[in-house]
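Biologist: Could you walk me through this model before I set up any calculations on it?
Modeller: Gladly; have it open in front of you and ask as we go.

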Amino acid sequence: MKKTIDDIDVRGKRVLVRLDLNVPLDGLQHITDDRRIRAALPTVQKLAEGGGRLILMSHLGRPKGAATDRTTYSLASVAIRLGGLLEKTVPLVPDCVGNAARDAVSNLADGDVCLLENLRFYDAETIKDKKAASDAQLRAQKDAFAQELADLADVYINDAFGTCHRDNASMLTVPQLMEGKPRVVGYLVRHELQFLGESVANPARPFVCVLGGAKVSDKLGVIRTLLTKCDTILIGGAMAYTFLAAEGESVGKSLVEPDLFDTARSLRAEAGRRLKLPVDSIVAADMKSGASADVCGLPIPANRMGLDIGPRTIAAYRDLMQTAKTVVWNGPMGVFEVSPFDQGTLAVASAVAEATDQGAISIIGGGDSASAIDKAGLADRITHISTGGGASLEFLEGNPFAAIDVLDDA
Ligand code: AMP
């Protein structure tokens, strides 16, 4: 267990808060989805009400050093939206380090909030420790940048779960350099650790996992880890065809990864009856929207590809989910971006919500599954929707996060 913002007193202190305010912007710098800003509010409000002098920091996008980056990837719109939601002025500090940052911080009164400009305007933010280990210049560059940030504050807060699997300067080097000062997690990270960590480590049973997506190779780690913990794994998406083809089934033109056939066979042998595969699919000649689609069991004809799970699979998976006391879902059941291949994913979204209504703890592992839950309007019927796609997968795999480990234990 890590210390949280409830365990510390921030009154009068300079509090450096790493958030994930990496929201999508359109060509006119308008925010098209402000969920990440809203998700940060409880922590920011609590710290401001506690009299902290808040220095918020985040990355936005992937600036590449172009002349227009300072406009394209500016956090200006984020500062305005955050100010609106907090009902207070949140000035955007034009630089995250240097005199501008130091001056802005020295002008803060208790309860004030400022937002530093995009951390990724500095290459040092994303230098990997592994690379820096063999390059003293890179190490010095990353440390110098992190030291400037660390010097701004008396307290460090990590509430940026989506970036917790990275060793970015603001995520790891800064708290390392602030050793001896309070370094704790915010509410968002606390929730993620509670659900992705504790609920999955000690699940209420039966524990049912639903995994989908394009590639077995991307989900190997998570399948292996969840297999040691769950009672049933329901597989969907193109991933399922790699498992089926590995067993010698004909899957037509479906997307498969032949070099993973051996791995798929051994995973299936290990899992036995706990690993379920689709018994039918929605198939089409190609992946086009509105393509003529049919329900098809096995084998899938040579000129057809499986693009979604079929109705018998949906019914079987739904039945298994209804018995669950813990459900974890990551990855779409089909090409959910293209109608009519979105039905399996939407049906699983409903089944997760129904299981939750019946008392299960439901955890959605970010990314596409979170979008599907939103598209289906079911977000408020889910126990926990992770804010980190890549981070939630890595966490479920059981990978240690240095950016969390470095923080104070409760
Ligand atoms: P992932 O990023 O691994 O979670 O995979 C998500 C992607 O898998 C989405 O873009 C889906 O369109 C794609 N996908 C899911 N099922 C299939 C399928 N049966 N055939 C091809 N692509 C699929």
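Modeller: One term first: when I say that two residues touch or are in contact, I mean that they have heavy atoms within 4.5 Å. Please also keep in mind that this is a predicted model.

Biologist: Fine. Which residues does His384 touch, then?
Modeller: Not counting residues up to four places away in sequence, His384 touches His191, Glu192, Phe195, Ser362, Ile363 and Ile364. With Glu192 there is also a polar contact of 2.8 Å between the two side chains.

Biologist: Where does His384 sit, and is His384 buried or exposed?
Modeller: His384 belongs to strand 15, which covers residues 384-385. The relative accessible area of His384 is 7%, and because buried means under 20%, His384 counts as buried.

Biologist: Let's switch to the ligand. Which residues come nearest?
Modeller: There are 15 residues around the ligand, and those that come nearest are Ala214, Lys219, Gly306, Gly334 and Glu337. Helix 9 (216-227) and strand 12 (305-309) each supply at least two residues of the shell around the ligand.

Biologist: What polar atoms lie close to the ligand's oxygen and nitrogen atoms?
Modeller: A polar side-chain atom of Glu337 lies 2.4 Å from an oxygen atom of the ligand, while for Ala214 a backbone N or O atom lies 3.0 Å from an oxygen atom of the ligand. On the nitrogen side, a polar backbone atom of Ala238 is 3.2 Å from a nitrogen atom of the ligand.

Biologist: And how much of the ligand's area does the protein cover?
Modeller: On its own the ligand has 500 Å² of accessible area, and the protein covers 80% of that. The space that the ligand takes is the second largest pocket.

Biologist: What about Leu211, where is that one?
Modeller: Leu211 is in strand 7, residues 207-211, and Leu211 counts as buried because its relative accessibility is 0%. Leaving out residues up to four places away in sequence, Leu211 touches a list of residues that includes Val222, Leu226, Ile235, Met239 and Met333. For Ile235, which is 24 residues from Leu211 along the chain, the C-alpha atoms of the two are separated by 5.1 Å.

Biologist: Now the N-terminal end: what is Arg14 doing in terms of contacts?
Modeller: Arg14 is found in strand 1 (residues 14-19) and is partly exposed, with a relative accessible area of 27%. Apart from neighbours within four places in sequence, Arg14 is in contact with Arg53, Ile55, Val105, Asp151, Leu152, Ala153, Asp154 and Val155. A polar atom of the Arg14 side chain lies 3.1 Å from the backbone oxygen of Leu152.

Biologist: Last topic, backbone geometry. Which peptide bonds are cis?
Modeller: A cis peptide bond joins Arg205 and Pro206, with omega about 0°, and the bond from Leu298 to Pro299 is cis as well, with omega near 0°. Pro206 lies in the loop between helix 8 (187-201) and strand 7, whereas Pro299 lies in the loop between strand 11 (294-296) and strand 12.

Biologist: And which residues other than glycine have a positive phi?
Modeller: Gln29, with phi of about 65°, is one of them, and Glu87, with phi near 60°, is another. Gln29 is placed in the loop between strand 1 and helix 1 (35-49), and Glu87 in the loop between helix 3 (76-86) and strand 3 (92-93). Glu87 counts as exposed, at 74% relative accessibility.

Conventions
Residues are numbered from 1 along each chain as its sequence is written. This is a predicted model: local features need pLDDT of at least 70, side-chain atom pairs count only at pLDDT 80 or more; totals for chains, interfaces and linings use all residues. Side-chain values use heavy atoms; hydrogens and water are left out. Helices (H or I, at least four residues) and strands (E, at least two) are DSSP runs, numbered from the N terminus. Buried means under 20% relative accessible area, exposed over 50%, partly exposed in between (1.4 Å probe, protein chains only). A residue is near a molecule or strand if one of its heavy atoms lies within 4 Å of it. A polar contact is a pair of N or O atoms within 3.5 Å; within protein, one must be able to donate a hydrogen and the other to accept it, and residues adjacent in sequence count only if both atoms are side-chain atoms. Accessible areas come from the Shrake-Rupley method with a 1.4 Å probe; for residues, only the protein chains shown count as cover. On a 1 Å grid over the protein atoms alone, a cavity is a set of points where a 1.4 Å probe fits but cannot get out, and a pocket is an open set with protein on both sides within 12 Å along at least five of seven lines; lining residues have an atom within 4 Å of a point. A molecule sits in a cavity or pocket if more than half of its atoms lie within 2 Å of its grid points.
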